[in-house]
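Got the viewer open? Here's a short walk through the model, one selection at a time.

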Amino acid sequence: MADTDHLDATEDVALNFGDEDEILNRKKKFRNPVVTAFHLLFRVAAIIAYLLCGWLSDSFITNFVVIVLLLSFDFWTVKNVTGRLLVGLRWWNYVDEDGNSHWVF
């Protein structure tokens, strides 16, 4: 039998994430605050416009166009700006010699 007395299977593992005071006193900073604001702005504006569309206008078409535009801005922002700057997503398309289109993510 091997000598395993020094290994205790019931021993707790302590994880050290730094000094607790340092963690509590550290200011939470956004990496890109302007990008984060626009990420939330269009989405929240579309939800608020949807919830208040009856009070803002009686025209269904006007409400529909405003909400679709806000959601389109949100989609463009997430796809082109937020995804790249906050998350690091990259994607592109290239065409090979045979004329086939390839998407790279």
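A word on the annotation before you click anything: UniProt positions are given in the numbering used here, and such annotations may be inferred rather than shown by experiment. Also keep in mind that this is a predicted model.

**Stop 1: the whole chain.** Colour by secondary structure. You should find three helices and two strands, in the order α-α-α-β-β from the N terminus on. Now colour by accessibility: of the 105 residues, 12% count as buried. If you like contact maps, look away from the diagonal: residues 24 or more positions apart make up 41% of the contacts with a separation of 6 or more.

**Stop 2: the annotated segments.** Select residues 34-53 and 59-78, which the unreviewed UniProt entry annotates as "transmembrane region". Take residues 34-53 to begin with: this stretch is 100% helix and 0% strand, and 27 Å separates its end C-alpha atoms. Residues 59-78 come out at 95% helix and 0% strand, with the end C-alpha atoms 29 Å apart.

**Stop 3: the phenylalanines.** Show the aromatic side chains. The structure holds three aromatic pairs. Zoom in on Phe-38 and Phe-42: their ring centres are 6.0 Å apart and the planes sit at 35 degrees, so this pair is tilted. Both residues belong to helix 2 (residues 33-56), where they are four residues apart, about one turn of the helix. That spacing is worth a pause: an α-helix has 3.6 residues a turn, so residues three or four places apart point the same way.

Are these two rings buried or exposed? Phe-38 has 40% relative accessibility and therefore counts as partly exposed. Phe-42, at 17% relative accessibility, counts as buried, because the cut-off is under 20%.

Keep Phe-42 selected and add Phe-73. Here the ring centres lie 5.5 Å apart with the planes at 50 degrees, so this pair is tilted too. Phe-42 is in helix 2 while Phe-73 is in helix 3 (residues 60-87), so the pair ties together parts that are 31 residues apart in sequence. Phe-73 has 42% relative accessibility and counts as partly exposed. With Phe-38, Phe-42 and Phe-73 on screen together, you have a cluster linked by ring pairs.

**Stop 4: the nonpolar core.** Which residues make up the largest nonpolar core? Select Phe-42, Ala-46, Ala-49, Ile-67 and Leu-70: those five are the full set. Helix 2 and helix 3 are the elements that give two or more residues to this core, and the largest share, three residues, comes from helix 2.

Now centre on Leu-70, which is found in helix 3. Leu-70 has a relative accessible area of 17%, so it is buried. What is Leu-70 in contact with, once its neighbours within four places in sequence are left aside? Show Phe-42, Ala-45, Ala-46 and Ala-49 to see those partners. Try a distance label as well: the C-alpha atoms of Leu-70 and Ala-49 are 8.9 Å apart, although 21 residues separate the two along the chain.

Shift over to Ile-67 and apply the filter of four places in sequence again. Ile-67 is in contact with Ala-46, Ala-49 and Tyr-50.

**Stop 5: along helix 3.** Hide the rest and pick out the buried residues of helix 3: Asn-63, Ile-67, Leu-70, Asp-74, Thr-77, Thr-82 and Gly-83. Bring helix 2 back, since what covers these buried residues includes helix 2. Next, turn the view until you can follow the helix 3 axis, and stop at Val-78: helix 3 bends by about 45 degrees there. Carry on past the end of helix 3 to Gly-88, which takes a positive phi of about 85 degrees.

**Stop 6: the hairpin.** Finish with the strands. Select strand 1 (residues 92-95) and strand 2 (residues 101-104); they run antiparallel and are joined by four bridges. To check the register, find Tyr-94, whose bridge partner in strand 2 is His-102. Which residue in the turn has a positive phi? Click on Gly-99, where phi is about 90 degrees. Five residues lie between strand 1 and strand 2 in this hairpin.

How values were computed. Residues are numbered from 1 along each chain as its sequence is written. This is a predicted model: local features need pLDDT of at least 70, side-chain atom pairs count only at pLDDT 80 or more; totals for chains, interfaces and linings use all residues. Side-chain values use heavy atoms; hydrogens and water are left out. Two strands pair if DSSP finds at least two bridges between them. Rings of Phe, Tyr and Trp (its six-membered ring) pair if their centres lie within 6.5 Å; planes under 30 degrees apart count as stacked, over 60 as edge-to-face and the rest as tilted. Buried means under 20% relative accessible area, exposed over 50%, partly exposed in between (1.4 Å probe, protein chains only). A nonpolar core is a set of buried Ala, Val, Leu, Ile, Met, Phe, Trp, Tyr and Cys residues joined through side-chain atoms within 4.5 Å. Contact means heavy atoms within 4.5 Å. The bend at a residue is the angle between axes fitted to the seven residues ending there and the seven starting there.
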